[in-house]
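Colleague: Thanks for sharing this one. Please walk me through its packing, its charged pairs and its aromatic groups, with your cut-offs as we go.

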Amino acid sequence: MSLKKVNVFKLITFLVLILFNSFTIYASGKYPDVNAFISQNKNEIDAEILRQKYQIATHNAQNSQQLSALEIVYKILLADIKIKKADAINSESSNLFNQAFKESEKLGNLGLEAWVATKIGFFYYSYNEYVKAMPYFIKSSQLIDEIPSSDIFQACDVFRINGYFFGAIGMHSKSTHYLQKALGFTTENTLDYATLLNNIGSSYYKEGDTIKAQNYFFKTKQAALKVNDSVRYAKALGDLALISIDRKEYQKAIKLLEEDIHISEENKAERNTMYAQILLSRIYLATKEYDKLEAVLDKVDEYLKTKDYLKSYVFDITKLRLALAIQTKNRDLELQSRRILDSLDIYLDKTDGQAAVNLVNWEVQKANYDLELKARNAKIEKANLRMWIVLGSVVLLIAVVFIIVRAIQQKFKNKVAEHEKNILQYKIEQLQSQKKLLDSELTLKSYQVYLSDQTKQVKKLENELNNFNDNIVSKEEVKEFLKNLLEQQTMSDQNWIGLKRIFLKEQNEYYDTLLTRFPDLSEQEFRIVILNRMKLKPAEIALILNITIDKIEETLQRLRLQFKGVLD
């Protein structure tokens, strides 16, 4: 072979390798330069500097896909800068996020799409808009569970933020899983490492495992000291104090919190200072140090007045003031606190209150059920295709026998699938009923419709239990599952708060009379009186409060004798 032919062959081989590597990078969805651009600019606070760097990056872009990815990233980072400047939800950031999200879906890069969805979800989550954040975190969590971690843009941040959100809505196992994944992308002696240790500890604490939680909080202290992260060190002290409070080791907790507050104030970590002060207030309430309690609550109040989006913390300290009023028999403060709590419920139901958290949790579970159902159907379709290929290669007699066996098996599978589908549908209908109640203009009529829906669901679930066959599925497992669903039909505390708020609006004078003339009414008696005033039957009251009809009738009889003229 001549030298010229050898050189031509080498050139062709070299070009093929370049083409193959370029195709591999594109097909796998990896844009190293774009990921590097995010890392270099994610903490940028100057919009003009970011624009200049973006122009340089676009000039060096190698293809149209990379150029599109850079544009999406630029919009997300620019929205971040505007958020930091405004310290509030703003239309400019929202528009940029919406554009970036739509463009990332069109681009089809799943790793980038997961990062975009996570960033937008975190934007709403940071300002306690859990319901608005929910669809983005559902999207990102589904993506990061499907694709290799190496394909995810800013994988550590994506896993970490998803861990924060799912912990906030009570899905602590999922939260811990994501936080542990994020930890795998960090190295010791970094700020991220100490932060993740702290949050993993918090997840274990919320799951009730205080031993593991305490262990991670101690590790956080050590890691924070190594990197000179004073604020993270202070947060670890506050978390350890939380465990001491649970154990009623109040003096130990006070010492930890005082150090936490001192360090946080020195570093101008206002939100962490506020959180530590709220924990300190809980101790002073428990130890009946009322002067100290009021002084700390006043400090928290001053900070919260500057942060309109922290209404949930206003709710927390108002609950502390209500407890203080009850302990000190301060009727004026008690009445004032109850009114503030009732008014805050309206706002929190749509942001980060318990009702919103519950709704988000249900929506996430529904999305997971839908995903599992699609995966199961796809698996069945694939299995059926493989079965027909096998059938085509066997003799007719074996094929007939096999078809008969499969037909019998499929009959039982269909019955199981039908029952599972019915159960899933009942859960979805229950969620829709709760969502309808939250979205509607809350009136007595809307609550009556909600209770009617719940009653129908109870009957359906009881019928479903009776239809199960022991030969199809374990009846004991089904009973346990349906029992959990039936328990969820009763009216929640959040729905009760909403009902009470409507009653307060329509029967204000009667409500004030109850508070002032009969302060010793228990919470359950208070609820029975209000529901009776609304002309509900004992059976309906029993359903709402999840107690027996006999108990309702007995209580009503006693209250009529005791509070004659007010109850009737």
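Modeller: Happy to, and one term comes first: a residue is buried under 20% relative accessible area, exposed over 50%, and partly exposed in between (1.4 Å probe, protein chains only). This is a predicted model, in which local features need pLDDT of at least 70 and side-chain atom pairs count only at pLDDT 80 or more, while totals for chains, interfaces and linings use all residues. Residues are numbered from 1 along each chain as its sequence is written, and side-chain values use heavy atoms, with hydrogens and water left out.

Colleague: Let me begin with a lysine. Does Lys-174 count as buried or exposed?

Modeller: Lys-174 sits in helix α9 (residues 172-183); helices here are DSSP runs of H or I with at least four residues, strands are runs of E with at least two, and both are numbered from the N terminus. Leaving out residues up to four places away in sequence, Lys-174 touches Ser-141, Asp-145 and Phe-166, where contact means heavy atoms within 4.5 Å. Its relative accessibility is 19%, so Lys-174 counts as buried.

Colleague: Which side chain makes a polar contact with the side chain of Asn-41?

Modeller: Asn-41 belongs to helix α2 (residues 32-41) and counts as buried because its relative accessibility is 2%. Not counting residues up to four places away in sequence, Asn-41 touches Leu-50, Lys-53 and Leu-77. A polar contact is a pair of N or O atoms within 3.5 Å; within protein, one must be able to donate a hydrogen and the other to accept it, and residues adjacent in sequence count only if both atoms are side-chain atoms. At 3.3 Å, the partner of the Asn-41 side chain is that of Lys-53.

Colleague: On to the nonpolar interior. Which helix gives the most to the largest nonpolar core?

Modeller: A nonpolar core is a set of buried Ala, Val, Leu, Ile, Met, Phe, Trp, Tyr and Cys residues joined through side-chain atoms within 4.5 Å. The largest has 103 residues, and Trp-115 and Val-116 touch the most other members. With eleven residues, the top contributor to this core is helix α4 (residues 64-86).

Colleague: Another core lies apart from that one. How many residues are in it?

Modeller: Let me finish with Val-116 before moving on: beyond its neighbours within four places in sequence, Val-116 is in contact with Ile-72, Ile-76, Ala-100, Phe-101 and Ser-104. The other core lies apart and includes Ile-530, Leu-531, Ile-544 and Leu-545; its count is 24 residues.

Colleague: Now the charges. How far apart in sequence are the parts that Lys-75 and Glu-103 tie together?

Modeller: A salt bridge here is a side-chain nitrogen of Lys or Arg within 4 Å of a carboxyl oxygen of Asp or Glu, and the structure holds 13 of them. Lys-75 is buried at a relative accessible area of 11%, whereas Glu-103 is partly exposed at 25%. Their side chains meet in a salt bridge at 2.6 Å, N to O. Lys-75 lies in helix α4 and Glu-103 in helix α5 (residues 91-107), so the parts they tie together are separated in sequence by 28 residues.

Colleague: Asp-157 and Arg-160 are linked with a further residue in a network of salt bridges. Which residue is that?

Modeller: Asp-157 and Arg-160 form a salt bridge with their closest N and O atoms 3.1 Å apart. Both lie in helix α8 (residues 155-168), three residues apart, about one turn of the helix. Asp-157 is buried at 12% relative accessibility, and Arg-160 is buried at 15%. The network that links these two also includes Lys-42.

Colleague: Last, the rings. What is the angle between the planes of Phe-166 and Tyr-178?

Modeller: Rings of Phe, Tyr and Trp (its six-membered ring) pair if their centres lie within 6.5 Å; planes under 30 degrees apart count as stacked, over 60 as edge-to-face and the rest as tilted. That rule gives 17 aromatic pairs. In one of them, the rings of Tyr-125 and Tyr-130 have centres 5.7 Å apart and planes at 35°, so the pair is tilted. Phe-166 and Tyr-178 also make a tilted pair, with centres 5.9 Å apart and planes at 50°.
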